[in-house]
Amino acid sequence: MGTLGDLGYPGQKFDAIRGSGPWDYYRCDNGVTSNFWIYGRNVATNVVGWVPDCNLTG
C-alpha cells in the first residue's frame, strides 16, 4: 500500500492490484519521470485506475 498522488488526494491510501510497464513516460508533480504504472484502488473513494509509480510513496 502506498500514498496516492494522482488518483485522488495526497495522503489517501492506495491498494495496488498489479503493475505494468513500460508505458508512456509521465512526469509527476515531484519532478520524477517514470514509465511504470500501478493499477489499484483508492481506499477512501473506491475509485479504481492506473497511477504512475512516481506518484506513490511509502
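Tutor: Let's start with a term: a salt bridge is a side-chain nitrogen of Lys or Arg within 4 Å of a carboxyl oxygen of Asp or Glu. Keep in mind that this is a predicted model.

Student: Okay, so why is the contact of Asp-15 and Arg-41 called a salt bridge?

Tutor: The N to O distance between their side chains is 2.8 Å. The cut-off is within 4 Å, for a nitrogen of Lys or Arg and a carboxyl oxygen of Asp or Glu, so the pair qualifies. The structure holds 1 salt bridge.

Student: What makes this pair a tie between separate parts of the chain?

Tutor: Look at where the two residues sit: Asp-15 is in strand S2 (residues 13–20) and Arg-41 is in strand S5 (residues 37–42), so the salt bridge ties together parts 26 residues apart in sequence.

Student: Why are Asp-15 and Arg-41 called partly exposed?

Tutor: Asp-15 has a relative accessible area of 23%, and Arg-41 comes in at 26%. Buried needs under 20% and exposed needs over 50%, so values in between count as partly exposed.

Student: How do you know that S2 and S5 pair?

Tutor: Pairing takes at least two bridges, and S2 and S5 have 6, so they count as paired, in the antiparallel sense. One of the matches is Phe-14, whose bridge partner in S5 is Asn-42.

Student: And what makes S5 and S6 a pair?

Tutor: The argument runs along similar lines: S5 and strand S6 (residues 48–52) share 5 bridges, against a requirement of at least two, so they pair too, again in the antiparallel sense. Trp-37 stands opposite Pro-52 in S6. S5 and S6 form a hairpin with 5 residues between them, and Asn-46 in the turn has a positive phi of about 65°.

Student: Now the cysteines. How do you know that Cys-28 and Cys-54 form a disulfide?

Tutor: Their sulfur atoms are 1.9 Å apart. The limit is within 2.5 Å, so this pair is a disulfide. Cys-28 lies in the loop between strand S3 (26–27) and strand S4 (33–34), while Cys-54 lies in the segment after S6, so the link joins distant parts of the chain, 26 residues apart. A search of the whole structure finds 1 disulfide.

Student: Why are Cys-28 and Cys-54 called buried?

Tutor: Cys-28 has a relative accessible area of 4%, and Cys-54 has 8%. Buried means under 20%, so both cysteines fit the label.

How values were computed
Residues numbered from 1 in each chain as written. Predicted model: local features only at pLDDT ≥ 70, side-chain atom pairs only at ≥ 80, totals over all residues. Heavy atoms only, no water. Helix = DSSP H or I, 4+ residues; strand = E, 2+ residues; numbered from the N terminus. Buried < 20%, exposed > 50% of the residue type's maximum accessible area, 1.4 Å probe, protein only.
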